[in-house]
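Biologist: Before I rely on the descriptive terms for this structure, I should like each of them justified against its definition. Could we go through them in turn?

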Amino acid sequence: MTVLDRLIRDLARLPGLGKKSAARIAYHLLAADQAFCDNLADEVAQLKSRIRPCTVCHNYCEAEICPVCADPSRDQGLICVVEQSQDIFTMEATGEYKGLYHVLRGVLSPLDSVGPEQLTIAELIERAGKPGVREVIIATNPTLEGDTTGLYITKLLSGASCRVSRLALGLPVGGDLEYTDKLTLARSFRNRTSLS
Ligand SMILES: [Zn+2]
């Protein structure tokens, strides 16, 4: 197996890439500058050692605390709960939301043996109980698992002093936050429904 074959094989394991797209990328790299390939290889090599979860919200970052948590101009009374770090990227692109985030690192899924202990739910409940937190906005994907996780969190927060709301309106059922357009997402933020 040549290095080209091995690269195609490995790229084809990435989400959304089949063998054909993997081959297209590999041949593109073969024709690209050496500097571009070196940079890419370096970024991939450093990814696992340099990037780690923020100690507050579990968003991926290079420092101990992510740029959102470290920004004093963000509204410290709002916590938007998302499934994955990349959902923050989608949310930030709307420019609509100025509060903080909390990354669950997945959703409850008994079939895949994902229970509350595998997620950052305990940390969220602790954060939500701190003085000054006015609202927890559940922004899990509108799937069965996303809704179940949202309801579970709402139940745990029923005794807390903060309000709980759900980002739902306008989001297609069974859809992914990642594929929702900016305007729809911005509207679903403004029209979020109260759960508590
Ligand atoms: Zn953070």
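Modeller: The exchange below takes up the metal site, two backbone angles, the sheet, the cores and the start of the chain.

Modeller: This is a predicted model, in which local features need pLDDT of at least 70 and side-chain atom pairs count only at pLDDT 80 or more, while totals for chains, interfaces and linings use all residues. Residues are numbered from 1 along each chain as its sequence is written, and side-chain values use heavy atoms, with hydrogens and water left out.

Biologist: What makes Cys-54, Cys-57, Cys-66 and Cys-69 donors of the zinc ion?

Modeller: A donor is an N, O or S atom within 2.8 Å of the metal (3.2 Å for Na, K and Ca); water is not among the atoms, so sites may look incomplete. The SG atoms of Cys-54, Cys-57, Cys-66 and Cys-69 lie 2.3 Å from the zinc ion, so they meet the limit of 2.8 Å. Along the chain these donors follow the spacing C-x2-C-x8-C-x2-C.

Biologist: Why is the arrangement around the zinc ion called tetrahedral?

Modeller: Four donors count as tetrahedral if all angles lie between 85 and 135 degrees. Here the four donor atoms subtend angles of 104 to 117°, and the arrangement is therefore tetrahedral.

Biologist: How do you know whether His-58 is buried or exposed, and what is notable about its phi?

Modeller: Buried means under 20% relative accessible area, exposed over 50%, and partly exposed in between (1.4 Å probe, protein chains only). His-58 has a relative accessible area of 14% and is therefore buried; Cys-54 and Cys-57 are both buried as well. His-58 lies in the loop between strand 1 (52-53) and strand 2 (60-61), where helices (H or I, at least four residues) and strands (E, at least two) are DSSP runs numbered from the N terminus. Most residues other than glycine have a negative phi. His-58, although not a glycine, has a positive phi of about 70°.

Biologist: Into which class of accessibility does Arg-105 fall, and why?

Modeller: Its relative accessibility is 24%, so Arg-105 counts as partly exposed. Arg-105 lies in the loop between strand 4 and helix 6 (121-128), and its phi is also positive, near 70°.

Biologist: What makes strand 3 and strand 4 a pair?

Modeller: Two strands pair if DSSP finds at least two bridges between them. Five bridges join strand 3 to strand 4, which run parallel, so the requirement of at least two is met. Val-81 has His-102 as its bridge partner in strand 4. Strand 3 also pairs with strand 5 (residues 135-138) in the parallel sense, over four bridges, and there the partner of Val-81 is Ile-138.

Biologist: Why is the connection from strand 3 to strand 4 called right-handed?

Modeller: A crossover is right-handed if, with the strands pointing away from the viewer, the path from the first strand over the helix to the second runs clockwise. The β-α-β crossover from strand 3 through helix 5 to strand 4 is right-handed.

Biologist: Why are strand 4 and strand 7 (193-194) placed at the edges?

Modeller: The open sheet has five strands in the order 4-3-5-6-7, with mixed pairing. Strand 4 and strand 7 each have a single partner strand, so one side of each is left without a neighbour in the sheet. Strand 6 (residues 163-166) is joined to strand 5 by four bridges in parallel, whereas the two bridges between strand 6 and strand 7 are antiparallel.

Biologist: What makes a set of residues a nonpolar core?

Modeller: A nonpolar core is a set of buried Ala, Val, Leu, Ile, Met, Phe, Trp, Tyr and Cys residues joined through side-chain atoms within 4.5 Å. The largest has 21 residues, and Cys-80, Val-82, Met-91 and Tyr-101 have the most contacts inside it. Apart from it lies another core, of 15 residues, including Ile-79 and Leu-119.

Biologist: How do you know that Met-1 is exposed?

Modeller: Met-1 has 66% relative accessibility and therefore counts as exposed. Met-1 belongs to the segment before helix 1 (3-11). Contact means heavy atoms within 4.5 Å; not counting residues up to four places away in sequence, Met-1 touches Arg-6 and Arg-9.

Notes:
Four donors count as tetrahedral if all angles lie between 85 and 135 degrees; four count as square planar and six as octahedral if opposite donors are over 155 degrees apart and all others between 65 and 115; anything else is irregular.
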